[in-house]
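This report describes one protein chain for a reader who has not seen it before. The sequence and the model come first, and the description follows.

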Amino acid sequence: MTSVRQVQVTFDCAEPERVARFWCEVLGYVVPPPPEGFASWDDFDRSLPPEDQGSAFACVDPTGVGPRLFFQRVPEGKVVKNRVHLDVRVGTGLVGDERLATLEAERDRLVALGATHVRTMLADGVEESCIVMQDVEGNEFDLD
């Protein structure tokens, strides 16, 4: 029998720090401390060869429960729908109008941070409402 291992979710992106800081705000995550010997991430970044500066960033759950999120610069832009996406669970346990109002309030908060509202999927008698969004670089996620 195998044990559960830690999971890191990695995002390919053009601007790792920008996308990471967006997700910190969405999830209440924080930027981890810089590597030993560096006073800040900026100091660490300046120690890298020019071609590697700004190429990666991360954020972590301050409680240690959620997965670490890692953001890495890639040369190509996003061209197709994600095959994996995050569900941001803001409406857990809520139903009907109360759930929709909670999802819409979170949608408005995230749009102010640079997210894009794609569509609202209303409850249909089988599934509860959810909202499809995109982060600051177009990666899809759901408010669920």
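In this predicted model, strand E4 (residues 86–88) runs parallel to strand E7, and three bridges join them. Within this pairing, Leu86 stands opposite Phe141 in E7. Strand E7 also pairs with strand E6 (residues 130–134), here in the antiparallel sense and over four bridges. One bridge partner pair of E6 and E7 is Ile131 with Leu143. The pairings of E7 are set out below.

| Strand paired with E7 | Sense | Bridges | A residue pair |
|---|---|---|---|
| E4 (residues 86–88) | parallel | three | Leu86 opposite Phe141 |
| E6 (residues 130–134) | antiparallel | four | Ile131 and Leu143 |

E6 and E7 form a hairpin, with five residues between the two strands. Gly138 lies in the turn and has a positive phi of about 90°.

How do the residues of strand E7 (residues 140–143) point? Glu140 and Asp142 point one way, while Phe141 and Leu143 point the other way. All four of these residues are buried.

Glu140, found in strand E7, can be described further. Its relative accessible area is 14%, so Glu140 counts as buried, the cut-off being under 20%. Leaving aside neighbours within four places in sequence, Glu140 is in contact with Lys78, Lys81, Asn82, His85, Leu86, Met133 and Gln134. Among these contacts, Leu86 is the residue that stands opposite Phe141 in E7.

The next topic is a pair of helices. The axes of helix H1 (residues 16–27) and helix H3 (residues 96–112) come within 11 Å and cross at roughly 155°. Angles over 145 degrees count as roughly antiparallel, and H1 and H3 are therefore roughly antiparallel to each other. Their crossing is right-handed. Where H1 and H3 meet, Phe22, Glu25 and Val26 come from H1, and Glu106, Arg109 and Leu110 from H3. The residues of this contact divide into three nonpolar, no polar and three charged.

Last comes the chain as a whole. The protein chain has three helices and seven strands, and from the N terminus on its elements run β-α-α-β-β-β-α-β-β-β. Along its principal axes, the C-alpha trace spans about 55 × 40 × 30 Å. Of the 144 residues of the protein chain, 31% count as buried. Among contacts between residues at least 6 apart in sequence, 57% join residues at least 24 apart.

Definitions and conventions: Residues numbered from 1 in each chain as written. Predicted model: local features only at pLDDT ≥ 70, side-chain atom pairs only at ≥ 80, totals over all residues. Heavy atoms only, no water. Buried < 20%, exposed > 50% of the residue type's maximum accessible area, 1.4 Å probe, protein only. Pairing = 2+ DSSP bridges. Axes fitted to C-alpha atoms, helices over the stretch in contact; angles between N-to-C directions. Parallel < 35°, antiparallel > 145°, perpendicular 65-115°, else oblique. Left-handed = near helix turned anticlockwise from the far one by under 90°. Contact = heavy atoms within 4.5 Å. Nonpolar A, V, L, I, M, F, W, Y, C, P; charged D, E, K, R; others polar.
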